[in-house]
Amino acid sequence: MLTHSLPTRHVSEFAQCVRECLTKAGQRELPSKYLYDEVGSALFEAICVLPEYGLTRADARLLEKHAGEIVARLPFPIEVAELGSGSGKKTRWILEALSQRQRTYYYPIEISPSALAACEKELGQIDLVSIVGYEQPYLEGLRAVAKRRDDREHLLVLFLGSTIGNFDRAAGEGFLREVCTILRTGDALLLGADLVKPIALLLAAYDDAVGVTSAFNLNLLARMNRELGAGFDLAAFRHAARYDVYERRIEMHLVSLREQTVAIPGAGCRPQFAEGETIWTESSYKYQPEELLEMAVRGGFRPEAQWVDEQWPFAETLLVAE
Ligand code: AVI
């Protein structure tokens, strides 16, 4: 696989963000993108197969079941870009359906080189599909992909797995608008988003019995220990999943179990934590199906179709740029 990458800037960016986020007054928060180092990405793969976490299976079921119909609704010829390819497993259904009618270029856009490699391994053997990876942030990568096509070619952008849920609602809508400005009229966006469901199901999905999600969350402290020489005692924090009914979001927190001061030499700070104080590490917003359509319209898209899984409320929404 050919890969376009940017110079590494992650470590210093991480250090700076840790310093800013953990030394500010009030609720401490770290951006959820930092959960995904190599260990975190492997733990996330494990989360995806947990019995409590129905989201990934629902996404895959919908794509398997409706790939033919999705592809039939797309213009021809078309190239495919995916924002956050992950391992690429779910994308297989779309690429296989497309390859029955045309040779297809597939551009996974992903900041993790190991995820790009896994994606190439998973999807590299599909006939008539060529893969060119972009090791870049989503919008930068999408701009580069959109620029390289010729006048006749349309683009299908895949934004699956409910990654939109990790933006707050306004930022999610802003992101869709940004994507739309990069696209040409008639290009498409397939958006996978997790839907509102009973609170007990959500709490179990984000605080599973085996403790994989807990390990995924605590790994952020371990990552600061590894990369920034921090002195976090992982046993002095616990994972907590909370549901905010008003905001319709799951929150992941790391709760300090005692009063403590932690040195983080690589970030040049020594944050203090009171007992019970938390570091908020992720939000996962849950949507109503029609809310996704309204949001997409405000972002410049025309809703073409929507499919909802029957076992685990999750929606696949096909949008066309106007
Ligand atoms: C990647 N993202 C959509 C997942 C989610 O459900 O918000 C991340 C995750 N966090 C805990 N479990 C899964």
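Which residue of strand 14 does Arg-302 stand opposite? I started my notebook with that one, and the partner is Val-320. A reminder to myself: this is a predicted model.

**Entry 1: the hairpin**

I followed the two strands around that pair. Strand 13 covers residues 301-308 and strand 14 covers residues 314-321. They pair in the antiparallel sense, over seven bridges. Together they make a hairpin, with five residues between the strands.

**Entry 2: the open sheet**

Next I looked up a sheet of four strands. It is open, its order is 2-12-9-8, and its pairing is mixed. I wanted to know which strands stand at the edges. They are strand 2 (28-29) and strand 8 (237-244); each has a single partner strand, so one side of each is left without a neighbour in the sheet.

I then checked strand 9 (residues 249-256) against strand 12 (residues 278-285), and found antiparallel pairing over seven bridges. Within that pair, Ile-250 of strand 9 faces Ser-284 of strand 12. I also looked for what lies across this sheet: helix 9 (residues 212-228) crosses strand 8, strand 9 and strand 12, and runs at about 55° to strand 9.

**Entry 3: the ligand**

Ser-284 came up again here, so I turned to the ligand. Of the 14 residues around it, Tyr-53, Asn-166, Tyr-206, Glu-282 and Ser-284 come nearest.

I listed three polar distances:

- Asn-166 has a polar side-chain atom 2.9 Å from a nitrogen atom of the ligand.
- Tyr-206 places a polar side-chain atom 2.5 Å from an oxygen atom of the ligand.
- Ser-284 has a side-chain N or O atom 2.6 Å from an oxygen atom of the ligand.

How much of the ligand does the protein bury? I get 97% of the 340 Å² that the ligand exposes when taken alone. Helix 2 (38-47), helix 9 and strand 12 are the elements that give two or more residues to the shell. I sorted the shell residues by type as well: eight are nonpolar, five are polar and one is charged.

**Entry 4: backbone checks**

Last, I went through the backbone. Most residues other than glycine have a negative phi, and most peptide bonds are trans. I noted two exceptions to look at in the viewer.

The peptide bond from Phe-76 to Pro-77 is cis, with omega near -10°. Pro-77 sits in the loop between helix 3 (55-72) and strand 3 (78-83).

Ser-162 is not a glycine, yet its phi is positive, near 65°. I found Ser-162 in the loop that links strand 6 (154-159) and helix 7 (169-182).

Note on methods:
Residues numbered from 1 in each chain as written. Predicted model: local features only at pLDDT ≥ 70, side-chain atom pairs only at ≥ 80, totals over all residues. Heavy atoms only, no water. Pairing = 2+ DSSP bridges. Contact = heavy atoms within 4.5 Å. Axes fitted to C-alpha atoms, helices over the stretch in contact; angles between N-to-C directions. Near = heavy atom within 4 Å. Polar contact = N/O pair within 3.5 Å; in protein donor to acceptor, adjacent residues only side chain to side chain. Areas by Shrake-Rupley, 256 points an atom, 1.4 Å probe, with all protein chains shown as cover. Nonpolar A, V, L, I, M, F, W, Y, C, P; charged D, E, K, R; others polar.
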